[in-house]
Amino acid sequence: MFHWLEKHPFFFAVGVFVVIAFAGLIEIIPNFAQASRPVIGTKPISLLEQAGRDVYIKNSCNACHSQLIRPFKAETDRYGHYSLSGEYAYDRPFLWGSKRTGPDLHRVGSYRTTEWHENHMKDPKSVMPSSIMPGYPWMFTNSADIDTAYATQLTNAQFFGVPYNKPVPMKDGSTTVVKMADSLAEAHAMALEEAKKITAKMKDQDVKDAVAAGKIPEIVALIAYLNSLK
Amino acid sequence: MENRPLEYDYTVAKMFMFTTIVLGIVGMTIGVILAFELAFPSVNTILGSGLAEYTNFSRLRPLHTDAVIFGFTLSGIFATWYYVGQRVLKVSMAESKFLMLIGKLHFWLYIIGVAAVVVSLFAGVTTSKEYAEFEWPIDIAIVVVWVLWGVSVFGLIGIRREKSLYISVWYYIATFLGIAMLYLFNNMEIPTMLATSPAGETGIGAWYHSISMYAGTNDALVQWWYGHNAVAFGFTVPIVAMIYYFLPKESGQAIYSYKLSLLSFWGLMFVYLWAGGHHLLYSTVPDWMQTMGSVFSVILILPSWGSAINMLLTMKGEWQQVAASPLIKFMVLASTFYMFSTLEGPIQAIKSVNAIAHFTDWIVGHVHDGTLGWVGFMIIAALYHMAPRVFKRELYSKGLMAAQFWIQTLGIVLYFTSMWIAGITQGMMWRAHDEFGNLAYSFMDTVDVLHPYYALRGVGGLLYLVGFFMFAYNIYKTMSSRPVEESELQNASPMGA
């Protein structure tokens, strides 16, 4: 049979394709039916947080930081409860990372503050003297892309059924509604409101001034995102 | 024309040889910069703090991986295809104007794609998926480039004179099909500009931005099904294609066993795709899938070692060639590193070992002993074999080649030993508890302890890069400074001079 295949490239190619596609069918398809159910307490990401997530991705933070706590005592001691599949139900793309040059960030919002992130992003050594992380000073001047974050939210809601503007169950039995803007203008206003809450706790005067003038530097969005990781 | 050897047309092969070398230098240089950035963080602002956004680790890291995978390796695959394909199918590209056009189109569109990738990654335009960072416009361009290569592969096969497909061609076909399937499924994404706001606004935000069709655990599953098997169909399968052609040609020895090559080919095709789950051990993907990933990774040793043993036994009775020829040295060491890497990988895929190895530098070491030793050496060897034939000149310097071999080998050894020690140290420190059950070390303690190994890794990478420059110089001199031969060297070994 193999000799025959070697003389008939078309059938050879079909044969190869069937053999390589087999594993994917068996392993991937069953999971698609069931893995995306959110656990209670998982809510859609707010507009400013989405813009911050985009900043996180833009700067490949996931190259050095994981967002996946494995079920080991050492990891739960260090980072908090191990990660659950349903917590990632609205994560597009997933950001688990593959290397920990720095620590895991899946629950970083539980133990770091706005002030800490501000100092850390400007000059990591100011809070971690022997850190090898580079500083990200340009995030204090570049503006966050609110338009794209809003388009991402809309896409998530329209194509993937992410429950914006709908009650989402919380751990304490209550429900929360994550609001999504009806128009781009409203989106900018909402993002600015969120940004003001973050900058109230920041020190950098230029950032405060920018937000007061209606602009949102990347750092503000990034901190909103990092604070949301709990 | 009867009884005269075919005159093969190497126009496209030469173009891709050129990009193999240039993009190899780019990718490896960035790699060395990254290595030193981790050892000495001030290197991040090497061009001043004003340009830090573009020289800092986070922007350069995807550029490094993509330049080496899709620049250096892929160019090497294309270059060898446009050389090997003609020869084993006994047909010249000059015989078909259509295939010649496709070949050139393939090359130029590839160059445009590379340029777009470089610009977009510097700008921070990325989907964050490792080795698939490109946004949808570039993805579409890549698919077109890939289809053109497919037309070239199957076109040449279509007009072949040799009835039976040689082993290397099997592997090139598998490369084409495997990457096509993986790339398409992993890059399913929706451009965000397609969304409409309740107020009726459309085309909001960056036009090139998209989000993945898959969420969370499913996204991870598809990504590592892709990521692991991009290694299979980018770093394993096509490189096996090369060694099956170049080692017998260069050594004048027939392949040791046809049956073993059959077994290892079909075995590799079947087993490889199952193993992606080993990237997700102890994650939130279902347990059975993690176990499958683990088990199949171990089974994967069989077909991998099958090819490698077949290659090493091809040298049976001719081992003096290894001592005499640096080119054979490159290929034999490549096979040895392949065996080493395909043993190391399954070891890391064992759940208890993975608990320590995952997220550490040991993984980085594993990737690099594979890519530097196996992929890098084999592509270098292939180009050394091709250069005298393609340019119709004797190879410039055998001595330089031998020196390069030893410098690069030393570089690889420094690289993987430092990363082994770093990775295992890191993994053990992360999990260590003191007698009261508290964590024994802070995360920063582990960062501190890695510094000497990071510095050593930088040195290892630098040695490899120096060797690569010697390679580039040797090929450049071969191209330009020796007298042109009358016609292509038909049988002479490049070592013959």
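**Exercise 1. Find which side chains meet E53(B) and E130(B) in salt bridges, and state how covered these residues are.**

Step 1. E53(B) and R59(B) join their side chains in a salt bridge, at 3.2 Å from N to O. A salt bridge here is a side-chain nitrogen of Lys or Arg within 4 Å of a carboxyl oxygen of Asp or Glu.

The model is predicted: local features need pLDDT of at least 70, side-chain atom pairs count only at pLDDT 80 or more, and totals for chains, interfaces and linings use all residues. Residues are numbered from 1 along each chain as its sequence is written, chains are lettered from A and ligands numbered from 1 in the order in which they are written, and side-chain values use heavy atoms, with hydrogens and water left out.

Step 2. Check the cover. Buried means under 20% relative accessible area, exposed means over 50%, and partly exposed lies in between (1.4 Å probe, protein chains only). E53(B) has 10% relative accessibility, so E53(B) is buried. R59(B) has a relative accessible area of 1%, so R59(B) is buried too.

Step 3. Turn to the other pair. The side chains of E130(B) and R61(B) form a salt bridge at 3.2 Å, N to O. E130(B) sits in the loop between α4 (97–122) and α5 of chain B, and R61(B) in helix α3 of chain B, so the pair ties together parts that are 69 residues apart in sequence. Helices are DSSP runs (H or I, at least four residues), numbered from the N terminus. Both E130(B) and R61(B) are buried.

**Exercise 2. Work out where the two residues of the UniProt "binding site" lie and what they touch.**

Step 1. Read the record. The unreviewed UniProt entry lists H64(B) and H368(B) under "binding site". UniProt positions are given in the numbering used here, feature names are shortened, and annotations may be inferred rather than shown by experiment.

Step 2. Compare sequence and space. The listed residues span 305 residues in sequence, yet no two of their C-alpha atoms are more than 12.4 Å apart, so they gather at one spot.

Step 3. Place H64(B). H64(B) belongs to helix α3 (residues 57–89) of chain B. Its relative accessibility is 14%, so H64(B) is buried. Beyond its neighbours within four places in sequence, H64(B) is in contact (heavy atoms within 4.5 Å) with G27(B), I30(B), G31(B), L34(B) and H368(B).

Step 4. Place H368(B). Helix α14 (residues 361–390) of chain B holds H368(B). At 15% relative accessibility, H368(B) is buried. Not counting residues up to four places away in sequence, H368(B) touches H64(B), G373(B) and Y415(B).

**Exercise 3. Describe the interface of chain B and chain A.**

Step 1. Take the area. Chain B and chain A bury about 8,000 Å² between them, with 68% of it on carbon and sulfur atoms. Buried area is the accessible area (1.4 Å probe) that two parts lose on being put together, summed over both.

Step 2. Name the main contributors. W266(B), F359(B) and F443(B) supply 10% of the area that chain B buries against chain A, more than any other three residues.

Step 3. Count residues. The contact takes 98 residues from chain B and 87 residues from chain A.

Step 4. Look for charge pairs. The rule finds one salt bridge across this interface. K99(A) and D361(B) form a salt bridge through their side chains, at 2.9 Å from N to O.

**Exercise 4. Trace the salt bridges around R70(A).**

Step 1. Start with the pair. The side chains of R70(A) and E75(A) form a salt bridge at 2.9 Å, N to O.

Step 2. Check the cover. R70(A) has a relative accessible area of 2% and is buried. E75(A), at 5%, is buried as well.

Step 3. Widen the view. R70(A), E75(A), R100(A) and D104(A) are linked in a network of salt bridges. Over all chains, the structure holds 15 salt bridges.

**Exercise 5. Locate P137(B) and find its contacts.**

Step 1. P137(B) lies in helix α5 (residues 136–158) of chain B. Its relative accessible area is 25%, so P137(B) is partly exposed.

Step 2. Leaving aside neighbours within four places in sequence, P137(B) is in contact with W207(B) and Y208(B). P137(B) and W207(B) are 70 residues apart along the chain, and their C-alpha atoms are separated by 9.4 Å.

Conventions
Helices (H or I, at least four residues) and strands (E, at least two) are DSSP runs, numbered from the N terminus.
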